[in-house]
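Student: I am new to this structure and would like a close look at one strand. Could you walk me through its surroundings?

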Amino acid sequence: MTQAPLGIPRPPAADAAPHPRPRPEILTIKPYIGGESQLAGVNRVIKLSSNEGAFGPPPGAIAAYRALAGEIHRYPDGGAEALREAIGRRFGLDPARIVCGNGSDDILYQLALAYGGPGTELVMTRHGFSMYAIAGTYAGSRVIKVEERERTADVDAILAALSPRTRLVCLANPNNPTGTLLSRNEVARLIAGLPPEVLLVLDAAYAEYVTRSDYEPGAAFVDQHPNVVMTRTFSKIFGMGGLRLGWAYAPAHVIDVLNRVRNPFNTNAAAQAAGIAALAEAGWVEKCRAHNATWRAWLTERLRAAGVGVTPSEGNFILADFATPERARAAQMRIRRHGIIVRAMGSYDLPSCLRITIGTEEECEAVAQALAHFMQRA
Ligand SMILES: *Cc1c(COP(=O)(O)O)cnc(C)c1O
């Protein structure tokens, strides 16, 4: 299953009954496919399809969420001031240059709509995070997908794809679903090659899981360049995907734009309270990062030993390559029988691959065993 060319308006099929119609490019958008979460007839599902974090939410975040229940008739603080201050303290950033969102997807949408639009282009990489293509097409931009090298963003290819119409370059670093990243020096080289009117969105959803020392999530670049934004999320290492909370750190002029266009109450009260508590949870990030590094390496080794190709990952997931779409599909079906759900990658133009989230020790062992068994018999 390959993705239709994005951003090329294709009229919907003629339909007898007249009805309101969206702009034609809207109907070229393929709805985002989330990870499955249920299997018919299986009681205990091991869900390794959405990179949700191995340990659930921090206990303090659960308590803060519960404590809020009697107050949900109150509108949230539209400016998320206490949360922005907590983020600023935690990461050493100026709270005035932080905007929170209903997930970082919300912020990506606002950036795509505010800076893109008809007659402009959004550049992303071939296997880049699919939300960029959805948001860019929604905005009316043409979405340009650039070839990668060894499943890694290629700075020269990105720079070569720029045109006078380019307004946005979106880069997940590390990228989902490949797990690869660009080093600090490579991102610096990308920024140096961008014209000042092009906004670089560095999506650092997996920053906390990175163990490579040559990595910079983006704040240092935001401080040096008026055309760089960093986005972050509470959905991964903080295990709060269900509450929808993300944030951006950006130059003051971009913050001003986001505060004009965002929904005034885009982060709900429960997300704000739980987010503050999650940041205060002592040792949480360190514990999750250490667990992830250990079991990411273990699962990579185990799958390689079984004959599965694995791209070296800096995220909380690995991309496993079964060489053909048929084998990937067969592997997926086989492990489903053990109640294990992973993510098919056809929609990312990687049909021979499956993306597997790093779960708990037991979950990693279960998926490794099931896949080793599949490879022996395949
Ligand atoms: C999961 C993910 C996000 C986070 O999205 P939220 O809307 O914050 O849940 C953003 N970017 C990438 C690349 C992701 O994989």
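Tutor: Let's start with one pairing: in strand E13, Thr 357 is the bridge partner of Phe 317. This is a predicted model, in which local features need pLDDT of at least 70, side-chain atom pairs count only at pLDDT 80 or more, and totals for chains, interfaces and linings use all residues. Residues are numbered from 1 along each chain as its sequence is written, and side-chain values use heavy atoms, with hydrogens and water left out.

E13 covers residues 353-357; strands (E, at least two residues) are DSSP runs numbered from the N terminus. Its partners include strand E10 (residues 317-321), which runs antiparallel to E13 with 5 bridges. Strand E12 (residues 343-344) also pairs with E13 in the antiparallel sense, here over 2 bridges. There, Arg 355 of E13 has Arg 343 opposite. To count as paired, two strands need at least two bridges found by DSSP.

Now look at the two sides of E13. Cys 353, Arg 355 and Thr 357 point one way, while Leu 354 and Ile 356 point the other way. Why the switching? Because in a regular strand the side chains alternate between the two faces of the sheet.

Is E13 mostly covered or uncovered? Mostly covered, as 5 of its 5 residues are buried. Buried means under 20% relative accessible area, against over 50% for exposed and in between for partly exposed (1.4 Å probe, protein chains only). So Arg 355 is buried on one side of the strand and Ile 356 on the other, each under that 20% cut-off.

Technical notes
Helices (H or I, at least four residues) and strands (E, at least two) are DSSP runs, numbered from the N terminus.
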